[in-house]
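Here are a few short exercises to work through with the model open on your screen. Try each task before you read its solution.

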Amino acid sequence: MSPTHDVIVIGLGGMGSAAAHHLSARGARVLGLEKFGPVHNRGSSHGGSRITRQSYFEDPAYVPLLLRSYELYARLERDTGREIATLCGGVMVGRPESRAVSGSLLSARQWDLPHEMLDAPEIRRRFPTLNPRDDEVALYEARAGLVRPENTVAAHLQLATQQGADLHFEEPMTRWEPYRDGVRVHTAEDTYTARRLVICPGAWAPQLLTDIGVPFTIERQVMYWFRPAGGERPFLPQHHPIYIWEDADDVQVYGFPAIDGPDLGAKVAFFRKGTPCTPETIERTVHEHEVAAMAEHMSRHIPSLPGQFLKAATCMYSNTPDEHFVIARHPAHPGSVTVAAGFSGHGFKFVPVVGEIVADLALDGATEHPIELFDPGRLAAAPA
Ligand SMILES: Cc1cc2nc3c(=O)[nH]c(=O)nc-3n(C[C@H](O)[C@H](O)[C@H](O)COP(=O)(O)OP(=O)(O)OC[C@H]3O[C@@H](n4cnc5c(N)ncnc54)[C@H](O)[C@@H]3O)c2cc1C
């Protein structure tokens, strides 16, 4: 019996929806299985905004992928007519030796990316809401900004459906096994077969990817929305950049302009300062002491931001030990299974290019994109 599909994609969140689009665009018969409904808020791809930038402090190796991701995001907007990216500019602020500043500068110089270095008086002049200390500087990148996660996922699901992908929601995979020269996938409803399997599990990586040698840790993260004292006007995207602000103790906070207009506030969050959790046990309530800690933190950097607390929401990071992604053919099933996981709190800006890479790996067994950094073999336990 021939398989029911060419490729089955598990998880239709950020990465899986992009994979379903790129696979179906190439003519593959795709089945997508998702545990929840379309564009839900129980994983890692919700909350209205995600930072995007090119002068990447995490590692210059990400830059070529970002350049491609920018192209694909623009194409996604054109093809679906949805509002996705707002390139309002961005500042990476900290002392010159901070990772946010020095790492961004390294990438900008290595890849010849347009950028400006601003000293503290210049930061205050250009962006009057920001209150740097005298020893802080910023790398300003005009092409930084934000993308909207819900619109991105919806756009990819829309295109995949138009291209004939069969997307099943509220139908989680319960297990899978190798079958003939492909795979067999089980759900409570049915059993499916395919030549290839793509697993994009988000925070469910510890359950779904037990055998690739990567110790994923899942972290609860909180996003906060504040109505600035004096109102949103100075925070509108035509006046206000996205920012990542690193303190001397390595704590990074990041935030956005007021993208939803008057009365809906501006979002701010800590980058990696979460608490360990699982998707089943995550504490969804955000407590007053958490809000107070964020308001206190921001009163130093952007004094007018924490005027009135509006709301908060939780989200999960799926971290690898070195905070680099895992995108590869499955080490134990390289011919049939591709995995994309461990995005460690910085994956969304890469969503379209990850979809393209996963389609390359699943259909061709290889990609021309530079993904050496994402090989799970780097994290395999060293022999005793
Ligand atoms: C608060 C917060 C802020 C962030 N900020 C940024 C940022 O500014 N910039 C940036 O680039 N990145 C950012 N990120 C990271 C980025 O959002 C994530 O890396 C990205 O969304 C991960 O996408 P994913 O597809 O791996 O996970 P998800 O979108 O969660 O998708 C995984 C999917 O798998 C499904 N699933 C699980 N188990 C099964 C099963 N058995 N069967 C079927 N389906 C299953 C889940 O329901 C889910 O839909 C942030 C993340 C958070 C939480």
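**Exercise 1. Find which element gives the largest share of the shell around the ligand.**

Solution. Strand 18 makes the largest contribution to this shell, with three residues. Keep in mind that you are looking at a predicted model. Next, work out the character of the shell: its residues split into 18 nonpolar, 12 polar and four charged.

**Exercise 2. Identify the residues that come nearest to the ligand, and look for polar atoms close to the ligand's own atoms.**

Solution. Start with the neighbours: there are 34 residues around the ligand, and Glu34, His40, Ser45, Cys315 and Lys349 come nearest. Now take the atom pairs one at a time.

- Glu34 places a polar side-chain atom 2.6 Å from an oxygen atom of the ligand.
- Ser45 has a side-chain N or O atom 2.5 Å from a ligand oxygen atom.
- Met173 uses its backbone instead: a polar atom there is 2.9 Å from a nitrogen atom of the ligand.

Then ask how much of the ligand the protein buries. On its own the ligand exposes 1,000 Å², and the protein buries 97% of that. To finish, colour the elements that supply two or more residues to the shell: helix 1 (14–25), strand 3 (50–52), strand 13 (217–227) and strand 18 (308–319).

**Exercise 3. Count the disulfides, then check Cys200 and Cys277.**

Solution. The count is zero. A disulfide needs two cysteine sulfur atoms within 2.5 Å, so test each cysteine against that cut-off. For Cys200, the nearest cysteine sulfur belongs to Cys315 and is 16 Å away, and Cys200 is in no disulfide. Cys200 counts as buried, at 9% relative accessibility. For Cys277, the nearest cysteine sulfur is again that of Cys315, 9.7 Å away, and Cys277 is in no disulfide either. Cys277 is buried too, with a relative accessible area of 13%.

**Exercise 4. Place Ala154 in the fold and decide whether Ala154 is buried or exposed.**

Solution. First locate the residue: Ala154 sits in helix 5, residues 149–162. Next apply the cut-off: Ala154 has 17% relative accessibility, and because buried means under 20%, Ala154 counts as buried. Last, compare sequence with space: Arg82 is 72 residues from Ala154 in sequence, yet their C-alpha atoms are 9.0 Å apart.

**Exercise 5. Describe the span that the UniProt record annotates.**

Solution. The unreviewed UniProt entry carries the annotation "domain: FAD dependent oxidoreductase" for residues 6–361. Within this span, 26% is helix and 29% is strand. The C-alpha atoms at its two ends lie 13 Å apart.

Key
Residues are numbered from 1 along each chain as its sequence is written. This is a predicted model: local features need pLDDT of at least 70, side-chain atom pairs count only at pLDDT 80 or more; totals for chains, interfaces and linings use all residues. Side-chain values use heavy atoms; hydrogens and water are left out. Buried means under 20% relative accessible area, exposed over 50%, partly exposed in between (1.4 Å probe, protein chains only). A residue is near a molecule or strand if one of its heavy atoms lies within 4 Å of it. A polar contact is a pair of N or O atoms within 3.5 Å; within protein, one must be able to donate a hydrogen and the other to accept it, and residues adjacent in sequence count only if both atoms are side-chain atoms. Accessible areas come from the Shrake-Rupley method with a 1.4 Å probe; for residues, only the protein chains shown count as cover. Helices (H or I, at least four residues) and strands (E, at least two) are DSSP runs, numbered from the N terminus. UniProt positions are given in the numbering used here, feature names are shortened, and annotations may be inferred rather than shown by experiment.
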